[in-house]
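Visitor: I would like to take a close look at a single part of this molecule, and I would be glad of a slow and careful explanation.

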Amino acid sequence: MDDQALYADDTIVVGGDGVGEAPAPDFDPMLLSVLSSRFGAILREMSNGVLRASKSGVIKIARDMSCAILTYDHRLVCIEECIPVHAAAIDLTTRPLTELFDDIEEGDAFLNNCPYTGVTHHADLTLCVPVFFNGKPLFWTVSRAHHADVGAPIPSTYLPYAKTIYEEGLHFPGVRVERGYREIRDIIRMAKIKVRVPDLWYGDYLAQVGACRTAERRIKELVEKYGPETIAAFVEAWMAYGERRAAAAIRTLPAGTWSYENRHDPLPGVADEGIPVRAQVTVDPDEATITVDVRDNIDCIPGGLNLSETCSIAACRAGVFYNIDHTIPHNEGSARRIRVLLRDNCIVGRPRYPVGTSVATTNVTDRLVNAVSCCFAQIGPTHGMAEGGYQQALGLAVISGEDPRRDGQTYVNQMFIGFGGGPGLPGYDGWVTFGGPVDGGMQILSPTEVDESMFPIHFECRELAIDTLGHGEWDGAPGTLAVYGPVAGEMTAVYCSDGDTYPSKGVRGGSDGAPSVNQKREADGTLVTLPSFHEERCAPGEMFRFVTTAGGGYGEPKRRDPAAVARAVDSGWLSPEHATEVYAVGLRLAADGIAHEVDAEATARLRQAGNGGAGD
C-alpha cells in the first residue's frame, strides 16, 4: 500500500454520503427479521468460541474482544455485544487486504494489527477470513482481541512514551497467515519468538482462528439454505433498514451546532500541559445527518497517545450512537448517517507514519467519545450525558513477573479489577461497571478469586469509594477502590492513568466525579502517591492501592429525588454529611436504627434555603 496515497489529503471525510432516506427494498420483513437474527447468532457463536478457547485473562475473563461480519466489499453487516472502539469502524481493517492482495482464495486467513492498515492499535490482533460460496467471495468474518503482550520493550502494550511504531513490538500490516486452511508456520514462528509468553499468545490466536472458521462454516450453511441471491438481497435490505432507522432518529433532534472541550491529563515530557480534545457536532434533521468535526485539535505528539484513524472514526460514531435510539442496527447503513471530519497528522485524526499509537484505544479516545457525547447535553435537559469515568489506573494495569508457585513460570496479563464510573444521563444514574467511554459497559470486571487462582496476587479489598460520585439530579457512578499485591515474587505493574488531574466533568449543573488516585503502600504502611504514567515494582509485603475516576453528574444535585439520596447513603456510596451539603436532603435513622429515611420537613427547609429554591 502506498503511504503517499494514504496520507496525501489534509481533510478526511467519512460517511454522510446519502441524502434523504434510503429506499426500502422489496424484501419480506419476516425474512429480514429471521436472517438478521441468524447472523446475530453466528456472531454470538464466534464470541463464545473466543471466550471459551482463549487462554489469557484479558480475553477470557475481561472479554476484551469483539467479532464482526462484513461483506466482501467491506460493509459492516452486523456486530453483537462488541466493544464500541473495536467495532464502530471495523470496516477499515479489511479494506487494505483487497488492496494488498490480488490472489485471495478460499482457505486464506489474514492477521492485521497495524494502525496504519486500518486497525485500532497494535495490541488488537485482528483475524480476518474471507467467506466464499461456489468460488465467489461474499463476506469477511473478523475476530479482534486484545493481547496482553506483543513484544514491546516493557511488559505492556500501552507505551505512552513510545514515539514511533519501532518501539511498540510486533506489527502485522495485513499479513496472510493461512493458505488453503493450513497455517503458514514461518509467520507464527516469527511471532512466538518475539513475545514473552508464546504459548499464551498462540492459544489466543488459535481461539480467534477457530471463531472465524466456525462463522465461515455457518455462513456457508446459511447461503446454501437460502441461496446467494436471497442473502445478497437481505444484506441490502438490512443496511437500508439501518439507515432509515438512523435517519428517523436524527429527524427527532433540533437543528444546530454544539461544541465541547475537555483535557487529557499531562504526560510529562510529551504533553506537559495535558491534551485538549475538542469536538463539534452539527445536527441537520432535514438531511437526516449528524456531522462530527474534530479537525480543530493539536497535531500528533511524540508519544503513544495519538489515535489511529480507526479509533478516531469509532470514537465519533460511538459518541453519536450513545445518544440516539439504542435499538437502531449498527451496520453500514446507520453509519452512513454520521459524517466524520478528520485531518492528517492530528492527535484525533489520521496519524502520520510512523508516529506511535499504542495507547490509541483508551485515554484520548475516551476523551473524544465524551466530547462528542457531551455536545448532545447542550441540546436540552432530556439529551446527552455527562462525562464517563476515565480508565487505565492501577485497576487496569498490565502485571507481569515470575510465579514461584508454578516453578517460576512467566506471566503477563492486563488486570480488569477497577473501572471508571458511568456518567449520569437523563433518567438514569451512572453504571458502576461502565468501564470507560470506549467500552460502554461491554468489558467484564474480573472476579478477584479467579485472578488470585491464576496469578500470584492477593486482593485485600475491592469496594465502591464513598463520596466520589459525580453529584447531580442523576448521579455519575462512584469510583472503585481496591488494594492488591503479590503473594510471592516481585510483580511489575505498568499503567497509563487518566483522570488523576482532570476528572470526569458534570453537565447541566452536575458536579465532576472524583479523580483517580494511584498509590503504593510500602511494607511499613507508608502510602506513596505514584505518577499517572508509570512502571512500578511491588515486592511481597507491599501493596498497590488505587481509586478509579468517578462519572460526572447530570443536572442540579438539589433536584435529585430525596429517596434516591437516602438509598445511596444506605448503599455506602454517600455519607450523610454529603447528603445534606450537596443535595440539601435531611435524613434520619429509620425505626430499625440502621437504614436512613428522608426527613421531609428538613429537606424542604434546606432546599428552600438553597440557590433560588433549586428543588422547586
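Visitor: Which strands does helix H8 (residues 228-250) lie across, and at about what angle does helix H8 run to E3?

Guide: Before the answer, please note that this is a predicted model, in which local features need pLDDT of at least 70 and side-chain atom pairs count only at pLDDT 80 or more, while totals for chains, interfaces and linings use all residues. Residues are numbered from 1 along each chain as its sequence is written, and side-chain values use heavy atoms, with hydrogens and water left out.

Helix H8 lies across E2, E3, E5 and E6, and runs at about 75 degrees to E3. Helices (H or I, at least four residues) and strands (E, at least two) are DSSP runs numbered from the N terminus, and axes are lines fitted to C-alpha atoms, for helices over the stretch in contact, with angles from 0 to 180 degrees between N-to-C directions.

The strands under discussion belong to an open sheet of seven, in the order E3-E2-E6-E5-E4-E7-E8, with antiparallel pairing; two strands pair if DSSP finds at least two bridges between them. E3 and strand E8 (182-183) stand at the edges with a single partner strand each, so one side of each is left without a neighbour in the sheet. Helix H7 (residues 198-226) also packs on the sheet, where H7 touches E2, strand E4 (109-112), strand E5 (124-133), strand E6 (136-146), E7 and E8, and the direction of H7 makes about 25 degrees with that of E5.

At the E8 edge, strand E7 (residues 173-179) is joined to E8 by two bridges, and the two run antiparallel; Arg-179 has Arg-182 in E8 as its bridge partner. At the E3 edge, strand E2 (residues 65-71) pairs with strand E3 (residues 76-79) over three bridges, in the antiparallel sense. In this pair, Ile-69 stands opposite Cys-78 in E3, and in the hairpin, which has four residues between the strands, His-74 takes a positive phi near 75 degrees.

Ile-69 and Cys-78 are both touched by Phe-39, which also touches Val-77, Phe-139, Ile-219, Leu-222, Ile-231 and Phe-234, not counting residues up to four places away in sequence; contact means heavy atoms within 4.5 Å. Phe-39 is among the residues with the most contacts inside the largest nonpolar core, which has 119 residues. A nonpolar core is a set of buried Ala, Val, Leu, Ile, Met, Phe, Trp, Tyr and Cys residues joined through side-chain atoms within 4.5 Å, where buried means under 20% relative accessible area (1.4 Å probe, protein chains only).

Conventions:
Buried < 20%, exposed > 50% of the residue type's maximum accessible area, 1.4 Å probe, protein only.
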